[in-house]
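User: Could you take a close look at one part of this model with me? I would like a connected account rather than a list.

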Amino acid sequence: MKTGLFFGSYNPIHTGHLIIANYMANHSGLDEVWLVVSPHNPLKDKKGLTNMYDRLEMAQLATENTDHIRVSDIEFSLPQPSYTIDTLTYLHERYPTKEFVLIMGADNLVSFKKWKNYEVLLDNYQIYVYPRPGADVTDWINHPSITFTDTPLMEISSTFIRKAIKEGKNVQFFLPDKVIDFIDSKGMYR
């Protein structure tokens, strides 16, 4: 079973995340994709990060009717901040029959050498990369562990959505309706 791990803050999860996950689950040779909700990315500021359980619930609402995509809270029980290498070590012990593949945006690949034990990740895992605007990945083009995908280019971001909500703008179609209802019910990002 080839399982793609799509790590993210999902603050909030949006249509762009879902299109990428769906593409990876159905067009890249993976059997399934796990959206791994990260409590705290060590390369990002924790300020402005919504409660991890709310982010988890939004991801679950967004994917409840999907095939081959599931949501994982595996990092909730691991030390924070969350380092991908530690999570993968834990997952490999827990699910020894699964082949895990990392899914990341080209923007993350640009800063990949800052990741904890990135060489170990390259030696032991395949990485599927989706395009991001303005990301220069020429240094990685011929790396044997990296596969560049034809995933549709998504220029939508959670930052854009949080700002739009704060400004009282309509975010319909950027988020699944159930996620919008959840955000409204909690008064989030205002």
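User: In which loop is Asn-117 found? Please start there, and then move on to the other loops and the strands.

Analyst: Happy to! Keep in mind that this is a predicted model. Asn-117 sits in the loop between α4 (106–110) and α5 (118–124). Its backbone deserves a glance: phi of Asn-117 is near 55°, a positive value in a residue other than glycine. With 38% relative accessibility, Asn-117 counts as partly exposed, since the buried class is reserved for values under 20% and the exposed class for those over 50%.

Tyr-10 also has a positive phi, near 50°, and is likewise not a glycine. Tyr-10 belongs to the loop between β1 and α1, and its relative accessibility of 2% means that it counts as buried. That loop, between β1 (2–8) and α1 (15–27), also holds Pro-12, and the peptide bond leading from Asn-11 into Pro-12 is cis, with omega near 0°. A cis bond is found from Gln-80 to Pro-81 too, again with omega near 0°; Pro-81 lies in the loop between β3 (69–72) and α3 (84–94).

Now to the strands. Strand β5 (residues 126–130) has four of its five residues buried, so the rest of the structure largely encloses it. On one side, β5 pairs with strand β4 (residues 99–105) in the parallel sense, over five bridges, and here Tyr-128 is the bridge partner of Ile-103. β5 also runs parallel to strand β6 (residues 146–148), joined by three bridges, with Tyr-128 opposite Thr-147. Tyr-128 is thus a handy place to begin when tracing these pairings, as it faces Ile-103 and Thr-147.

Terms used
Residues are numbered from 1 along each chain as its sequence is written. This is a predicted model: local features need pLDDT of at least 70, side-chain atom pairs count only at pLDDT 80 or more; totals for chains, interfaces and linings use all residues. Side-chain values use heavy atoms; hydrogens and water are left out. Buried means under 20% relative accessible area, exposed over 50%, partly exposed in between (1.4 Å probe, protein chains only). Helices (H or I, at least four residues) and strands (E, at least two) are DSSP runs, numbered from the N terminus. Two strands pair if DSSP finds at least two bridges between them.
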